[in-house]
Amino acid sequence: MKTSQDPVRDYLSAVEREASALPADRRQELLADLAEHIEVTRAERPDAVIGEILAELGDPRTIAATALAESGAGPAASPAWGGADDSVRRGKVHPLVPLLLLVLAQPVGMVLPDEGGSLIGGLLRITGAVLLCTSVHWTTARKTVGVLLTFALPGIAMAVWNLTDGGPSGDGPALVANLAALVLTAGTAAWLWRVRRA
């Protein structure tokens, strides 16, 4: 058996081979997403062995089966496909759910500031960010932008506001800051909805 000098190229070639029934543009998007994920993981964990990273992604046959089932180009989740359970599990959350949670977090905190609204809003924001990060409906780059603009940036802005002004209240500057965070979050959620994968 021939040993490869480039396991990433071999892995991506195997996925491409297994996903040959996908339309060419969807297949290239899948390969680009996988390559990007591998690159990001290698940058985040420089000491990780490439074989471990590829094993975490899963078997090329399973990845191809999931992509085929999601695109409708192959058999729908059937027991004959090794990744059928995985595709069903990964596709359970509708893409609107994380976006709604992220957008609703800000108004809940604004409307109920003294009744635990900040805590509820924070939990909604965290849940929305986790669901966004684990969703199959966006690429890694789009997930990163989404989390930065709907979770990190508003969270940092509100923390700075609370530290410098003693907390949000009904006065003008606090309302403007809350509304600006809401507009940023809603705008990002609308963008994520437009660029999602079907």
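**Exercise 1. Classify Arg61 by its accessibility and identify its salt-bridge partner.**

Solution. At 52% relative accessibility, Arg61 is classed as exposed, because the cut-off for that class is over 50%. This value, like every other one in these exercises, was computed on a predicted model. The partner of Arg61 is Glu18, and the closest N and O atoms of this salt bridge are 3.9 Å apart. That distance satisfies the criterion, which requires a nitrogen within 4 Å of a carboxyl oxygen. The pair joins distant parts of the chain: Glu18 belongs to helix α1 (residues 7–18), Arg61 belongs to helix α4 (residues 60–71), and 43 residues separate them. Glu18 has a relative accessible area of 34% and is therefore partly exposed.

**Exercise 2. State how many salt bridges the whole structure contains, and describe the one between Arg45 and Glu56.**

Solution. A search of the whole structure yields 2 salt bridges. In one of them, the side chains of Arg45 and Glu56 meet at 2.9 Å, N to O. Arg45 lies in the loop between α2 (24–44) and α3 (50–57), whereas Glu56 lies in helix α3, so the bridge ties together parts that are 11 residues apart in sequence. As for accessibility, Arg45 is partly exposed at 33%, while Glu56 counts as exposed at 52%.

**Exercise 3. Describe the overall make-up of the protein, beginning with its helices and strands.**

Solution. The protein has 9 helices and 0 strands, and its pattern along the sequence reads α-α-α-α-α-α-α-α-α. Of its 198 residues, 34% count as buried. The exposed area is about 11400 Å², of which carbon and sulfur atoms supply 63%. Among contacts with a separation of 6 or more, 59% are between residues 24 or more positions apart.

**Exercise 4. Examine helix α6, giving its span, the location of its kink and its buried residues.**

Solution. Begin with the span: α6 has 16 residues and extends 22 Å from its first C-alpha to its last, close to the 22 Å expected at 1.5 Å a residue. Next, locate the kink: a bend of about 30° lies at Leu104, shortly before the proline Pro107. Leu104 is partly exposed, with a relative accessible area of 44%. Together with Leu96 and Leu100, Leu104 makes a nonpolar surface patch of about 240 Å². A general property of helices is useful here: an α-helix has 3.6 residues a turn, so residues three or four places apart point the same way. Finally, list the buried positions of α6: Pro98, Leu99, Leu101, Leu102, Val103, Ala105, Gln106 and Gly109.

**Exercise 5. Determine whether Leu101 is buried or exposed, and list the residues it touches beyond four places in sequence.**

Solution. At 18% relative accessibility, Leu101 counts as buried, because the limit for burial is under 20%. Leaving out residues up to four places away in sequence, Leu101 touches Leu124, Arg125, Thr127, Gly128 and Leu131. The C-alpha atoms of Leu101 and Leu132 are separated by 9.9 Å, and these two residues are 31 residues apart along the chain.

**Exercise 6. Place Thr188 in its helix and describe its surroundings.**

Solution. Thr188 sits in helix α9 (residues 172–195). Its relative accessibility is 5%, so Thr188 counts as buried. With residues up to four places away in sequence set aside, Thr188 touches Gly146, Leu149 and Thr150.

Methods: Residues are numbered from 1 along each chain as its sequence is written. This is a predicted model: local features need pLDDT of at least 70, side-chain atom pairs count only at pLDDT 80 or more; totals for chains, interfaces and linings use all residues. Side-chain values use heavy atoms; hydrogens and water are left out. Helices (H or I, at least four residues) and strands (E, at least two) are DSSP runs, numbered from the N terminus. Buried means under 20% relative accessible area, exposed over 50%, partly exposed in between (1.4 Å probe, protein chains only). Contact means heavy atoms within 4.5 Å. Accessible areas come from the Shrake-Rupley method with a 1.4 Å probe; for residues, only the protein chains shown count as cover. Patches are made of residues with over 30% relative accessible area and no salt bridge: like charges are joined within 9 Å, nonpolar side chains (Val, Leu, Ile, Met, Phe, Trp, Tyr) within 5 Å. The expected span of a helix is 1.5 Å times one less than its number of residues. The bend at a residue is the angle between axes fitted to the seven residues ending there and the seven starting there.
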